[in-house]
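I opened the model today and kept notes as I went. My plan was to look up one thing at a time.

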Amino acid sequence: MAFITVVAAALLSAGVLVTLFSFGLRLGDGEARWRRPLSVLMFVLCAVGVAFGLYLIVGNHLVTLFGG
């Protein structure tokens, strides 16, 4: 059951990250002024999601390895 949970979480999070990145690309391509900040926001949210995923994968192991 844990494997299915991990697969579902990975697929869901990858879908969300790809969606955020594609919105960022699509919004940054226009001429209107309001699109640029929204595009940057999408990229920032994507970066936060990636950083959180790396924390979940690597952070716990680093705390176990080096922490007390």
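**Notebook: pocket, helices, rings**

Entry 1, the pocket. I am working with a predicted model. I looked up the lining of the largest pocket and found A9, S13, V16, L17, G49, V50, F52, G53, L54, L56 and I57. Which elements give two or more residues to this lining? They are α1 and α2. I then checked which helix gives the most, and α2 does, with seven residues. The volume of the largest pocket came out at about 240 Å³.

I also sorted the lining of this pocket by residue type. Eight residues are nonpolar and three are polar. I found no charged residue in the lining.

Entry 2, the length of α1. Helix α1 runs over residues 2-27, which makes 26 residues. Why should I expect it to span 38 Å? Because each residue adds 1.5 Å, counted over one less than the number of residues. The C-alpha atoms at its ends are 37 Å apart, so the model agrees with the expected span.

Entry 3, what α1 buries. I asked which residues of α1 are buried. I noted L20, G24 and L27. These buried residues pack against α2, which covers residues 35-66. I wrote down a general reminder here. An α-helix has 3.6 residues a turn, so residues three or four places apart point the same way.

Entry 4, L17. This residue sits in helix α1 and is part of the pocket lining. Is L17 buried, partly exposed or exposed? Its relative accessible area is 22%, so L17 counts as partly exposed, because buried means under 20%. Leaving out residues up to four places away in sequence, I found that L17 touches C46, G49 and V50. Of these, G49 and V50 also line the largest pocket. I then took the C-alpha distance from L17 to W34. The two are 17 residues apart in sequence and 22 Å apart in space.

Entry 5, aromatic rings. How many aromatic pairs does the structure hold? I counted two. One of them is F21 with F43, whose ring centres are 5.2 Å apart. Their planes meet at 65°, so this pair is edge-to-face; the cut-off for that label is over 60 degrees. F21 lies in helix α1 and F43 in helix α2, so the pair ties together parts that are 22 residues apart in sequence.

I looked up how open each ring residue is. F21 has 41% relative accessibility and counts as partly exposed. F43 has 29% and also counts as partly exposed.

Entry 6, two more residues of α2. L41 is in helix α2. Its relative accessible area is 41%, so L41 is partly exposed. I took the distance from L41 to T19, 22 residues away along the chain, and their C-alpha atoms are separated by 13 Å.

V58 is also in helix α2. With a relative accessible area of 38%, V58 is partly exposed. How far apart in space are V58 and I4? C-alpha to C-alpha, I got 20 Å, with their positions 54 residues apart in sequence.

Conventions:
Residues are numbered from 1 along each chain as its sequence is written. This is a predicted model: local features need pLDDT of at least 70, side-chain atom pairs count only at pLDDT 80 or more; totals for chains, interfaces and linings use all residues. Side-chain values use heavy atoms; hydrogens and water are left out. Buried means under 20% relative accessible area, exposed over 50%, partly exposed in between (1.4 Å probe, protein chains only). Contact means heavy atoms within 4.5 Å. On a 1 Å grid over the protein atoms alone, a cavity is a set of points where a 1.4 Å probe fits but cannot get out, and a pocket is an open set with protein on both sides within 12 Å along at least five of seven lines; lining residues have an atom within 4 Å of a point. Grid points are joined across faces, edges and corners, and a volume is the space filled by probe spheres set on the points. Ala, Val, Leu, Ile, Met, Phe, Trp, Tyr, Cys and Pro count as nonpolar, Asp, Glu, Lys and Arg as charged, and the others, Gly among them, as polar. Rings of Phe, Tyr and Trp (its six-membered ring) pair if their centres lie within 6.5 Å; planes under 30 degrees apart count as stacked, over 60 as edge-to-face and the rest as tilted.
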